[in-house]
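Reader: Please take a close look at the salt bridges in this model. Where do they sit, and what do they join?

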Amino acid sequence: MLEDFKKKVAQIAKAADASGLCKHKSGNFSLKDKETGYVLVTPSGVSREELTYKDIVVVDLEGKLIEVETKVQPTSELLLHLSAYRTRKDVYAVCHTHSRFATTFAVLGKEIKPVVFEALVYGRRVPVASYGRPGTQELANSIIKPLGISDACLLESHGVVTVGKDLEDAYLKAHYVEEVAEIYYRALMIGKEEIKEIPQKEFDAVSHA
């Protein structure tokens with residue numbers, strides 16, 4: 001069932017690991033099939049080196065298991081993914097990563113401000129979702145408000161969530177979040193004071209050009 005989509009999820013999960021967005025079995029990825037409404041999500045506890053498309057789990061929007069080909073369980077963060085799909089009807093993919101610079105801001109509970117124009121890719125700012133224990137409904141609920149203003153948010157003391165129209169889109173946003181976070185971090189280290197963000201009118205001028 002949905003074999004091509006399973007292959008895409010596995011491919012992005014492996015790419016995220018190779019690029020450094022996730023390490024040591026961390027992070028999870030999913031996409032939603034427009035026709036069936038089913039969600040295809042990475043499994044829990046499977047290394048990216050060993051991951052195959054047959055390990056990708058299919059569930060419905062209530063989390064009910066639809067198909068699993070191997071002896072795996074869906075990611076422990078399944079509730080987080082389902083919350084994103086329920087919150088945003090325009091979203092068809094979710095990436096949850098633990099990239100280092102962005103997660104540094106998550107640990108601080110500090111949003112990533114739009115200090116360079118690349119922030120336009122995900123909605124200018126990366127707000128912080130209030131703390132929730134991993135794998136809980138509390139964590140899943142915490143992303144509802146942040147995803148109302150951006151396609152990216154930080155999970156306090158945890159990591160990053162990005163959403164998109166497809167998996168490539170959500171994955172690209174995860175990379176941009178990390179790049180902007182690194183620039184912001186380094187600028188703070190050099191300047192030792194808060195960095196001036198680019199005003200909304202400048203983003204409007206660029207997006208309408």
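Author: What follows covers the salt bridges, then a loop with unusual backbone angles.

This is a predicted model, so local features need pLDDT of at least 70, side-chain atom pairs count only at pLDDT 80 or more, and totals for chains, interfaces and linings use all residues. Residues are numbered from 1 along each chain as its sequence is written, and side-chain values use heavy atoms, with hydrogens and water left out.

A salt bridge here is a side-chain nitrogen of Lys or Arg within 4 Å of a carboxyl oxygen of Asp or Glu. The count by this rule is 15.

Take Glu-168 and Lys-8. Their closest N and O atoms are 2.7 Å apart. Glu-168 lies in helix α5 (residues 167–191) and Lys-8 in helix α1 (residues 3–19), so the bridge ties together parts 160 residues apart in sequence. Helices (H or I, at least four residues) and strands (E, at least two) are DSSP runs, numbered from the N terminus. For accessibility, buried means under 20% relative accessible area, exposed over 50%, and partly exposed in between (1.4 Å probe, protein chains only). Glu-168 is partly exposed at 38%. Lys-8 is partly exposed too, at 23%.

Next, Arg-88 and Asp-151. This salt bridge also has its closest N and O atoms 2.7 Å apart. Arg-88 sits in the loop between α2 (78–87) and β5 (93–97), and Asp-151 in the loop between α4 (137–142) and β7 (152–155), so the pair ties together parts 63 residues apart in sequence. Arg-88 is buried, with a relative accessible area of 15%. Asp-151 is buried at 16%. Both residues belong to a network of salt bridges that links Arg-88, Asp-90, Asp-151, Asp-169 and Lys-173.

Then Lys-113 and Glu-194. Here the closest N and O atoms are 3.9 Å apart. Lys-113 is in the loop between α3 (100–108) and β6 (128–129), and Glu-194 is in the loop between α5 and α6 (200–207), so this bridge ties together parts 81 residues apart in sequence. Glu-194 is partly exposed, at 38% relative accessibility.

Now the backbone. Most residues other than glycine have a negative phi. His-24 has a positive phi, near 55°. Its place is the loop between α1 and β1 (28–32). His-24 is exposed, with a relative accessible area of 74%. Lys-25 is found in the loop between α1 and β1. Its phi is positive as well, near 70°. Lys-25 is partly exposed, at 48%.
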